[in-house]
Amino acid sequence: MKVALISLDYYGYDKYIISAMKKLGIEAIHIDIYANRYQYPNLFDRLKNLINKSFFNINIKRYHLDKLIREKLSNYDKFDKIIIIHAEWLSPETLTFCKLKSNQMIAYHYDGVERMPAISNTFEFFDKIYSYDKKDVEKYKLKFIPNYIYEQFDEKKLNEERKAFNICSLDKRTPVLEKIAKVLDSKNYPYEFIVVNRRQINLYTPKIKTKINYLNKMVSREESLEKIKTSNLMIDIQRLEQTGLTFRVFESLGYHKKLITTNKDIVNYDFYNPNNILLIDPDNIIIPDEFLNTEYQKLPNYILDKYHVNTWVKNILELN
């Protein structure tokens with residue numbers, strides 16, 4: 001089987017899909033939109049593109065992306081399947097070209113349509129559409145598949161600290177994170193919370209005084225991952241317009257970390273264990289001492305394997 005994966009791999013999750021495919025003997029290529037994104041050579045080009053977008057509907061970034069995908073796919077004969085993650089980044093013309101280059105078009109979305117409305121404009125190009133959001137699955141008659149564990153340890157690492165960790169963008173979730181930090185402060189429970197926004201950070205005033213670190217620059221994927229691995233507790237705050245489980249949940253599973261989350265749907269999954277996962281009300285945050293002070297209870301491998309990227313690949317390619 002020959003498969004092409006097209007995605008904007010901003011967080012580095014999609015490379016694990018390619019690795020899993022190759023382990024299964026699949027001839028797989030990855031066109032990473034993020035790694036090959038257009039970068040303005042100077043301020044003049046940035047202003048020029050702004051004018052072209054505003055008045056002539058010409059976008060050099062979109063042109064660069066369309067050209068990249070067409071050139072990459074043209075180097076191969078027809079693919080058995082092309083998987084596109086977040087197809088709203090691609091123009092209708094490029095999606096049509098992809099359709100001509102594949103026997104089957106598959107879409108996957110780990111953002112909800114309510115947050116990214118342009119997603120629904122791409123549905124007509126695909127033979128199968130998968131989403132991690134049960135609400136969208138029901139509303140648009142899509143196929144459900146959750147996110148995945150991309151890396152899994154057999155045992156907890158020895159350098160783990162008693163510390164909660166979260167990194168997120170500055171948005172509507174930030175006040176909830178601040179309230180969680182205040183509760184942890186009252187319990188003298190260590191935490192490292194990072195809120196990032198390169199554009200608005202100087203305009204934001206925290207609602208509550210905490211030890212949260214507000215940054216105006218990105219933290220590397222490698223640094224974030226190291227902080228996850230060395231913490232024993234992760235925080236997951238659901239966006240109001242989404243119901244799907246984020247990668248935070250599956251990182252907590254793969255790395256054997258306790259998790260505090262606001263996502264109510266988590267109790268409906270077979271890996272839910274109240275000893276390991278605490279569901280909180282963002283309007284009335286209660287974190288029991290017992291949850292913070294008890295050890296993580298390891299889950300059976302058959303449950304973890306069910307959510308591993310290897311199984312995800314088999315499911316989305318219908319190899320089972």
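This report walks through a predicted model of a single chain, from its overall make-up to a few residues worth a look.

## The chain as a whole

Let's start with the broad picture. The chain is built from 11 helices and 12 strands. It has 320 residues, and 52% of them count as buried. Among contacts with a separation of 6 or more, 65% are between residues 24 or more positions apart. The chain exposes about 16600 Å², with carbon and sulfur atoms supplying 50% of that area.

## Asp14, a buried acid

Asp14 sits in the loop between strand E1 (2-7) and helix H1 (15-23). What is the nearest side chain of opposite charge to this buried residue? That side chain belongs to Arg221, 9.9 Å away, and Asp14 has no salt bridge.

Asp14 does have a polar partner: its side chain and that of Ser7 are joined by a polar contact of 2.6 Å. Ser7 also appears among the residues that Asp14 contacts beyond four places in sequence, together with Leu5, Leu8, Asp9, His30, Ile85, Tyr110 and Tyr148.

## Asp265 and its lysine

A second aspartate makes a good companion to the one above. Asp265 belongs to the loop between E11 and strand E12 (277-279). Its relative accessible area is 17%, so Asp265 falls under the 20% cut-off and counts as buried.

The side chain of Asp265 makes a polar contact of 3.0 Å with the side chain of Lys134. With neighbours within four places in sequence left aside, Asp265 is in contact with Lys134 and Thr243.

## Two histidines with positive phi

Most residues other than glycine have a negative phi. With that in mind, here are two residues to check in the backbone. Phi of His86 is near 65 degrees, a positive value, and phi of His256 is near 60 degrees, also positive.

Where are they placed? His86 is in the loop between strand E3 (81-85) and helix H4 (92-100), while His256 is in the loop between helix H8 (247-254) and strand E11 (258-261). His86 is buried, with a relative accessible area of 7%. His256 is buried as well, at 2% relative accessibility.

## Helix H7 and its cover

Helix H7 spans residues 221-229, and its buried residues are Ser224, Leu225, Lys227, Ile228 and Lys229. Two lysines, Lys227 and Lys229, are therefore on that buried list, each having under 20% relative accessible area.

Which elements cover these buried residues of H7? The cover includes three strands, namely E7 (161-169), E8 (191-196) and E10 (231-236), along with helix H8.

## Out at the surface

On the surface, Met1, Leu24 and Leu319 form a nonpolar patch, and together they have about 240 Å² of accessible area. Met1 lies in the segment before E1. With a relative accessible area of 41%, Met1 is partly exposed.

Ser74 is another partly exposed residue, at 45% relative accessible area, and lies in helix H3 (residues 60-74). Ser74 and Lys101 are 27 residues apart along the chain, and 8.2 Å separates their C-alpha atoms. Beyond residues up to four places away in sequence, Ser74 touches Phe97 and Lys101.

How values were computed: Residues numbered from 1 in each chain as written. Predicted model: local features only at pLDDT ≥ 70, side-chain atom pairs only at ≥ 80, totals over all residues. Heavy atoms only, no water. Helix = DSSP H or I, 4+ residues; strand = E, 2+ residues; numbered from the N terminus. Buried < 20%, exposed > 50% of the residue type's maximum accessible area, 1.4 Å probe, protein only. Lys, Arg positive; Asp, Glu negative; His and termini not counted. Salt bridge = Lys/Arg side-chain N within 4 Å of Asp/Glu carboxyl O. Polar contact = N/O pair within 3.5 Å; in protein donor to acceptor, adjacent residues only side chain to side chain. Contact = heavy atoms within 4.5 Å. Patch = residues over 30% accessible without salt bridge, like charges linked within 9 Å, V, L, I, M, F, W, Y side chains within 5 Å. Areas by Shrake-Rupley, 256 points an atom, 1.4 Å probe, with all protein chains shown as cover.
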